Amino acid sequence: MGHLVSMIEPGKIIAARGLAVTIVVIDLPHNTGASATGPFLAGVSAANPTISFHRLPQVELPPVKSNHPETLTLEVARVSNPHLRDFLAATSSPVLVADFFCNVACGVASELGIPIYFFFTSGAEVLALYLHLPVLHAQTTANFQDMGDELVHVPGIPSFPATDSMRPIMDRDDVAYTKFVSVCSDLCLSQGILVNTFRSLEPRAVETIAAGLCSPFGLPTPPVYCIGPLIKSVEVGTKCGDECIAWLDTQHKDNVVFLCFGSLGHQFSAKQIREVAAGLEASGQRFLWVVKCPSNDDPTKKFDEPSEPDLDALLPEGFRDRTKDGLVVKSWAPQRDVLMHAAVALFATHCGWNSVLESIMAGVPMLAWPLYAEQRMNKVFLEKELGLALAMEGYDKEMVEAKEVAAKAKEMMDSDGGRVIRERTQAAMRQANEAMREGGESEATLASLVNAWVLA
């Protein structure tokens, strides 16, 4: 869903410049077809009549032997290629912009003679790793998961411990690793890569990629277009968040810690949820906390949509009575709107890139608690390169302890160090707004590209 949300935002801008935009949707087997995304897409269509959606037929998959859900996503895209080819051939589309998980669409575009661009939903620093992954593969036979804290070196980005690599590339014997290595060659053979970032946020990574220092020898580096930060302009097709906003309206400015851990926040165990509760209580901070159902240890259930959490069973006895200055909500909150509220001073996040950009656009510093995908790498960049976050110790262990939650919340809210990070984040917010204004670096980049498509 995060990738779909990201794809819609450039679609709006492209449509506003006179091109008809159709967003092709591929359903994953664990989704229930239109019911999984239908309400959201209906809301987008109602608000943006110039954008249409086309849902490819559901496909049957052969067994996928991998420990990573990303493998399934890549495989669904591969098996859906014939349906994509039929759709593109019937519509005579002049340009294809594909999510990078649909890298196999490169072959279809080449066959039909359609220029293909990839939309990279993470930042430039993660893109640098993607492009450099075949080089790292050739340099060693070791698995990232066996390298411990040994540093991984990629041009243009800070070196990072192997344990903070993207989850799907940790084991080179897993099919996910092979598929991710192959993504690089398809990215390099495209007409360009659109990245949801802005150049002034990640200048070193962008310049290094553009200089061809990340791509494997013998492969071209396509143009990189920084077109972000693109975040949801409004919350559409979603549950009502009036309770959260009404409660925030009663709070003082810069006074609330907001905790929300993405669509897969149910990866927290019941024990971890209780540790967070104890830490929040000990911190003495006002908070707005989104609690999802705890993780399910049954691997056959890992893709299921969790039910509503039982807060009375999950939270320590008497917790909500003792923390009346806080608000716990079930499963969902209007994250963008909450972050934009003047009362919010700190965001505890899983470091998904959409969430990172929403936090930057709101000028809210982050407590980094990565959970899956590339989020550990985002944590490294946010803390070490950009200075916009402080990491929770223990995120890579079985448990983040209550005392750590309390200590980091108080440090970010009350210390001089927290103030410095807040000021740095607000400076990044101003740069982001400058990038997206008319004539700003990102707005001008996308406008120029779309104008070239219009004239082609």
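How much area does the chain expose, and what share of it do carbon and sulfur atoms supply? In this predicted model, the exposed area of the chain is about 19300 Å², and carbon and sulfur atoms supply 52% of that area.

The overall architecture is a good place to continue. The chain contains 18 helices and 14 strands. Its radius of gyration is 22 Å, close to the 23 Å given by the globule rule for 456 residues, so the chain is as compact as a globular protein of that length. Along the principal axes, the C-alpha atoms fill a box of roughly 65 × 50 × 45 Å.

Burial and contacts add to this picture. Of the 456 residues in the chain, 55% are buried. Among contacts with a separation of 6 or more, 70% are accounted for by residues 24 or more positions apart. Turning to charge, the chain carries 37 positive and 54 negative charges, and the mean positions of these two sets are 2 Å apart.

One residue invites a more local view. Asp-164 is found in the loop that runs between strand 6 (160-161) and helix 7 (175-188). Is this loop residue, Asp-164, buried or exposed? With a relative accessible area of 3%, Asp-164 falls under the 20% cut-off and is therefore buried. Leaving aside residues up to four places away in sequence, Asp-164 touches Arg-376, Met-377, Lys-379, Val-380 and Tyr-395.

Terms used. Residues are numbered from 1 along each chain as its sequence is written. This is a predicted model: local features need pLDDT of at least 70, side-chain atom pairs count only at pLDDT 80 or more; totals for chains, interfaces and linings use all residues. Side-chain values use heavy atoms; hydrogens and water are left out. Helices (H or I, at least four residues) and strands (E, at least two) are DSSP runs, numbered from the N terminus. The radius of gyration is taken over C-alpha atoms; the globule rule is 2.2 Å times the number of residues to the power 0.38. Buried means under 20% relative accessible area, exposed over 50%, partly exposed in between (1.4 Å probe, protein chains only). Contact means heavy atoms within 4.5 Å. Accessible areas come from the Shrake-Rupley method with a 1.4 Å probe; for residues, only the protein chains shown count as cover. Lys and Arg count as positive and Asp and Glu as negative; His and the chain ends are not counted. The place of a charge is taken as NZ of Lys, CZ of Arg, CG of Asp or CD of Glu.
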